[in-house]
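Open the model in your viewer and keep the sequence panel visible. The stops below are given as selections, each followed by what is found there.

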Amino acid sequence: MVQLSDRARGVSIAAAGVLCVTPDAVLLRWAQTQGANTASILFWKFFFVFWFTCAWVFYVEKKSAPPEGVVKSLYERIKTGPKHFWAAVGLQISLDVLFSLAFLIIAAARVMIWYSLNVLWSAILGCALLGDVLPRRTIVTCIFALGCIAMVFGPELATKKGREGSPWGDLAAIYVGVAVAVYLIIVRHAARERPRVPITFATTVGALAAFVLVSLSTLVTGDCIVPKVSSPGLFYLCMALDGFAIAGIFVAFSIAPRYITGAEVSLCSLLETVLGPLWVFLIYNEKPGPFTLAGGLLLIGALFVHELLAAREAVQRRERERQGTEAS
């Protein structure tokens, strides 16, 4: 069995989570086109996110076979770092709700532009709060990647459709970008200082709380959580797939920062901006424009070169260590 380095493990987990979530925007769009209202979409989405993340947490906990039982084990682990756990839960709730709302309020291009800035926030916060020393290749790749994102979504933002929507959607997307960076910082700090805190379980609690909030909001708004759509079975299947996709990235982002910096996790997250339009093409046959193709290919190329340089540095480091051992 191939033994991965910590860095390779972190990159692989983050990339797998991002690949999992790429159909999110298309699934939400399909649900809207079927006539489902915002409340019903969010209600069933969080319902499935909760159960998928819950299943993962209990599978992992059961695998370790705690003598006191899974529930007692989770409770005891939360007590080792309650500030980290509840801060992660709070951020998870806000991310659950606001990211989905942003997609439903404004154009996806605007959401992704603001969201992609989490690369910048992660780098700044990591350096300021955790003392991360980012290699030059990572700094250059972050700057270049943001330029690629601007190339992908800039033309759409210039259109009338791209400018439609409430500024509240923009504020929600900006907050999400910052909140993701803060969440990654909390996960990394917990891994260092409070390694027994079940951060992944925070995603489950956050999804449950978001589910409850949406349920309570319907009592005020009067929205129906059972949508009147032409194909109810397909709607629930769509929401289950979306719940699985979101659960996948939540779990991945609760694990990957233990092995790599927040900036590197955020760089992996940008793959969604490239693969998202691919899903749109496959489902709706909307061909991506030349800027989308060019920006996407440049972004993939930049990430590939970044990882290639990282692998080369690792080989050189091991060679120096080997020579040092032989010399001594």
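The tour goes from the core to the surface, then to the salt bridges and the cysteines.

This is a predicted model, in which local features need pLDDT of at least 70 and side-chain atom pairs count only at pLDDT 80 or more, while totals for chains, interfaces and linings use all residues. Residues are numbered from 1 along each chain as its sequence is written, and side-chain values use heavy atoms, with hydrogens and water left out.

**Core**

Select Phe 235, Met 239, Phe 253 and Leu 299. These are the residues with the most contacts inside the largest nonpolar core, which has 82 residues. Such a core is a set of buried Ala, Val, Leu, Ile, Met, Phe, Trp, Tyr and Cys residues joined through side-chain atoms within 4.5 Å. Buried means under 20% relative accessible area, exposed over 50%, and partly exposed in between (1.4 Å probe, protein chains only).

Now keep Met 239 and show its surroundings. Which residues is Met 239 in contact with, leaving aside its neighbours within four places in sequence? They are Leu 27, Ala 31, Ile 41, Trp 44, Lys 45 and Phe 48, where contact means heavy atoms within 4.5 Å.

**Surface**

Select Leu 208, Val 212, Leu 216, Leu 219 and Val 220, which form a nonpolar surface patch with about 500 Å² of accessible area together. Patch members have over 30% relative accessible area and no salt bridge; like charges are joined within 9 Å and nonpolar side chains (Val, Leu, Ile, Met, Phe, Trp, Tyr) within 5 Å. Areas come from the Shrake-Rupley method with a 1.4 Å probe, and for residues only the protein chains shown count as cover.

Within the patch, Leu 216 lies in helix H11 (residues 199–221) and is partly exposed at 47% relative accessible area. Helices (H or I, at least four residues) and strands (E, at least two) are DSSP runs numbered from the N terminus.

Go next to Leu 308 in helix H15 (residues 290–327). Leu 308 is partly exposed, at 44%. Its C-alpha atom is separated by 29 Å from that of Asp 24, 284 residues apart along the chain.

**Salt bridges**

The whole structure holds 11 salt bridges, each a side-chain nitrogen of Lys or Arg within 4 Å of a carboxyl oxygen of Asp or Glu.

- Select Arg 7 and Glu 264, whose side chains meet at 2.9 Å, N to O. Arg 7 lies in helix H1 (residues 6–21) and Glu 264 in helix H13 (residues 262–269), so the pair ties together parts that are 257 residues apart in sequence. Arg 7 is partly exposed at 21%, whereas Glu 264 is buried at 10%. Add Glu 307 to the selection to see a network of salt bridges linking it with Arg 7 and Glu 264.
- Select Asp 132 and Arg 192, with their closest N and O atoms 3.6 Å apart in a salt bridge. Asp 132 is in the loop between helix H7 (118–129) and helix H8 (136–157) and Arg 192 is in helix H10 (residues 167–193), so this pair joins parts 60 residues apart in sequence. Asp 132 is buried at 11%, and Arg 192 is partly exposed at 44%.

**Cysteines**

How many disulfides does a search of the whole structure find? The count is 0, a disulfide being a pair of cysteine sulfur atoms within 2.5 Å. Select Cys 127: its sulfur is 9.5 Å from the closest cysteine sulfur, in Cys 142, too far for a bond. Finish at Cys 238, which is buried at 5% relative accessibility.
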